[in-house]
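Trainee: I am new to this structure and would like a close look at a single part. Please take the place where the two helices meet, and then show how it fits into its surroundings.

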Amino acid sequence: RAPYRRGTCPFVPDLVTIGIDTQDTHLVGAIMGWLADGTAAIIDWFHAIAEIDVHNRFAAQIPVVARVLHGEQPESPPTPVVPQFGLIDAAGHRTDDVYDLCQALAGRLYASWGRGGLQITTPIAESKIKHRMVEMPIFK
């Protein structure tokens, strides 16, 4: 069991990300906090049935537990953090919905084609696609 509560981060993260997978009827996501050295913490996980749920996750103020893994402890609790970037699986379920959501959250949420098995040995690269006459990035 983690030594911190769900919905909080146990350290001051350098980066906060959201990873989202599509299901037949909804989205499933996880919010992660990261340090530059690769240390990670699961902050929260969620099910979203509407686009607004994902928008709200990007706006959520996440409390940081007043504990720093490297260096001195702060005198007062650190400022809450918000997710900066996210990837959402666009291969498979509801691809057009995924692209629409990425366009609505342009610069924050990016489409990705999921990886597994032998595919994980090759680097992920940014490509460009056109969706509804708008060019957008996709990572595959």
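**The contact of H1 with H2**

Mentor: In this predicted model, the axes of H1 and H2 are 11 Å apart, and the two helices pack at an angle of about 35°. Their crossing is right-handed. On the H1 side the contact is made by Glu-51, Val-54 and His-55, and on the H2 side by Asp-97, Asp-100, Leu-101 and Ala-104. Sorted by kind, the residues of this contact are 3 nonpolar, 1 polar and 3 charged.

Two of the charged residues on the H2 side also take part in salt bridges. Take Asp-97, one of the contact residues of H2. Asp-97 forms a salt bridge with Arg-94, and the closest N and O atoms of this pair are 3.4 Å apart. Both partners count as partly exposed: Asp-97 has a relative accessibility of 41%, and Arg-94 has 29%.

The other is Asp-100, which forms a salt bridge with Arg-132; here the closest N and O atoms are 2.8 Å apart. This pair links distant parts of the chain, with Asp-100 in helix H2 (residues 95-104) and Arg-132 in the loop between S6 and strand S7 (134-139), 32 residues apart. Asp-100 counts as partly exposed at 23% relative accessibility. Arg-132 counts as exposed because its relative accessibility is 53%, and the cut-off for exposed is over 50%.

The loop that holds Arg-132 has a further feature. Phi of Arg-132 is near 50°, a positive value in a residue other than glycine. Met-133 lies in the loop between S6 and S7 as well. Met-133 also has a positive phi, of about 70°, although it is not a glycine. At 79% relative accessibility, Met-133 counts as exposed.

Now turn to what lies around H1. The sheet is open and has 7 strands, in the order S3-S2-S1-S4-S5-S7-S6, with mixed pairing. Its edge strands, each pairing on one side only, are S3 (40-48) and S6 (126-131). On average, neighbouring strands of this sheet are turned by 30° against each other, direction ignored. Helix H1 (residues 51-59) packs on this sheet and touches S1, S2, S3, strand S4 (85-89) and strand S5 (109-112). The direction of H1 makes about 155° with that of S3.

Among the strands that H1 touches, S1 and S2 can serve as an example of the pairing. Strand S1 (residues 15-22) and strand S2 (residues 27-34) pair in the antiparallel sense over 8 bridges. Within that pair, Asp-21 has Val-28 in S2 as its bridge partner.

Edge strand S3 is also tied to another part of the chain. The model has 5 salt bridges in its count. One of them joins Arg-6 to Asp-44, with the closest N and O atoms 2.5 Å apart. Arg-6 lies in the segment before S1 and Asp-44 in strand S3, so this pair ties together parts that are 38 residues apart in sequence. Arg-6 counts as partly exposed, at 49% relative accessibility, whereas Asp-44 is buried, with a relative accessible area of 14%. Salt bridges that share partners join Arg-6, Asp-44 and Arg-57 into one network.

Methods. Residues are numbered from 1 along each chain as its sequence is written. This is a predicted model: local features need pLDDT of at least 70, side-chain atom pairs count only at pLDDT 80 or more; totals for chains, interfaces and linings use all residues. Side-chain values use heavy atoms; hydrogens and water are left out. Two strands pair if DSSP finds at least two bridges between them. Helices (H or I, at least four residues) and strands (E, at least two) are DSSP runs, numbered from the N terminus. Axes are lines fitted to C-alpha atoms, for helices over the stretch in contact, and angles run from 0 to 180 degrees between N-to-C directions. Contact means heavy atoms within 4.5 Å. A salt bridge is a side-chain nitrogen of Lys or Arg within 4 Å of a carboxyl oxygen of Asp or Glu. Buried means under 20% relative accessible area, exposed over 50%, partly exposed in between (1.4 Å probe, protein chains only). A crossing is left-handed if the near helix is turned anticlockwise from the far one by less than a right angle, and right-handed if clockwise. Ala, Val, Leu, Ile, Met, Phe, Trp, Tyr, Cys and Pro count as nonpolar, Asp, Glu, Lys and Arg as charged, and the others, Gly among them, as polar.
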